[in-house]
Amino acid sequence: AFVFSEPNFDAHEQVVFACEPKSGLKAIIAVHNTNLGPAMGGCRMWNYRDEAQAVNDVLRLSRGMTYKNAVAGLPIGGGKSVIIGNPKTDKTPALFEALGEALERLGGRYVTAEDVGTHHHDMAHVASKTSYVAGLGASGDPSPYTALGCFVGAQAAVKHHLGRDSMEGLVVALQGLGNVGYDYARRLKQAGARLIVADIDQAALERAQAELGAQVVAVEAIYDVEADIYAPCALGATLNLGTLDRLKARIVAGAANNQLATAEIGELLRQKGVLYAPDFVINAGGIIKVCYEYLDKPENEVEAHVRRIGETLAEVFVRADREQLPTSTVADRLAEARFKR
Ligand code: NAD
């Protein structure tokens, strides 16, 4: 009895366990909420320790997508799928075709996309069996839009918390110079910020030093640097009881998913006077782009929509001050006001 009692089960509309023995497919498709439209969220492939861990992951992630998509003002609901298996050794075209057949049986209530462990090549196999796949790579990587959302989000935070219209001279401690982080760093630099960066990838660090004049620190030292903004763009749960006291930044604005190790950290950040731009609000640029593409909405309107992330965050910050609540709680309530009936 681990499904209904799972804390993240929340109010999931439908959870499908899809199994296809010939290809070896074992997938869980979680449709959290479709009040605003078909549930959209990526398909993760992971070598889960056991089935309970896979259930926990898919339920947690699908619920998160409902909140992210609702706050972003998209006409879609929230869902997610996971394939149990090793993405390095267990991938076959048949596996993804079988997933496509399972999605087809759901009749469009859930639309998938690539995620951790899956690639748009895999999604092409899914697409041979169903049209309920988004982000097939037709117009490229959504990361630049995620980076744009982070940048306008950081601008909104600076305006609200530091009373400044400009990034000139601000110091940003940026963790993770990947697809999103590097582009975000480039925008910050263009706006006059000074970058202190950490990554485990030496080549990315060298490029940031050469192109952006970034100062490099050791991976663990990023939490201790004197900075105005901390920008987590690598891993989740970096805001935790071990890092909170070390952070000097007054603003947290970064792309990583699930930045708060536990919900209580949101309140602790507030008490410390740190303005936290909730992850699922600030990092929605990519899903906005993917959603526009899937729904055939005009490409030239994507940027304006992504820029509205700044306005949404400004609204969250004002409400959080007024109600003396963590920004993360206010963002949850904003989402719920949109998707709950
Ligand atoms: P990525 O894999 O391209 O980049 C991650 C970077 O972090 C890499 O350069 C990696 O070397 C570095 N890294 C890994 N471990 C690290 C550590 N311990 N310390 C410092 N750096 C470390 O991923 P991405 O697409 O840029 O996404 C970054 C984050 O943003 C992820 O958490 C992702 O879930 C989230 N996100 C991405 C998008 C998107 O559009 N790509 C959208 C929403 C959220």
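This is a short dialogue on reading domains and backbone angles in a predicted model.

Student: Let's start with the overall layout. Which domains is the protein chain divided into?

Tutor: Domain 1 covers 7-127, and domain 2 covers 143-339. Taken over C-alpha atoms, their centres are separated by 26 Å.

Student: How many residues does the contact take from each domain?

Tutor: People often give the size of an interface as the accessible area lost when the parts come together. Here we go by residues instead: the contact takes 17 residues from domain 1 and 16 residues from domain 2.

Student: On the side of domain 1 that touches domain 2, where does the largest share come from?

Tutor: Look at helix α1 (residues 51-71), which supplies seven residues, the largest share of that side. As for chemistry, the residues on the side of domain 1 that touches domain 2 are 10 nonpolar, six polar and one charged.

Student: Now the backbone. Which residue before β1 should I look at?

Tutor: Try D10, in the segment before β1 (14-20). Phi of D10 is near 45°, a positive value in a residue other than glycine.

Student: And is D10 buried, exposed or partly exposed?

Tutor: Count the neighbours: D10 has 13 other C-beta atoms within 10 Å. A residue is called exposed at 12 or fewer and buried at 20 or more, so D10 is partly exposed.

Student: What is phi of N258 near?

Tutor: Phi of N258 is near 50°, again a positive value in a residue other than glycine. You'll find N258 in the loop between β11 (251-252) and α7 (264-272). With 15 other C-beta atoms within 10 Å, N258 is partly exposed.

Definitions and conventions:
Residues are numbered from 1 along each chain as its sequence is written. This is a predicted model: local features need pLDDT of at least 70, side-chain atom pairs count only at pLDDT 80 or more; totals for chains, interfaces and linings use all residues. Helices (H or I, at least four residues) and strands (E, at least two) are DSSP runs, numbered from the N terminus. Domain bounds come from an automatic or database domain assignment. Two residues are in contact if their C-beta atoms, placed from the backbone, lie within 7 Å. Ala, Val, Leu, Ile, Met, Phe, Trp, Tyr, Cys and Pro count as nonpolar, Asp, Glu, Lys and Arg as charged, and the others, Gly among them, as polar.
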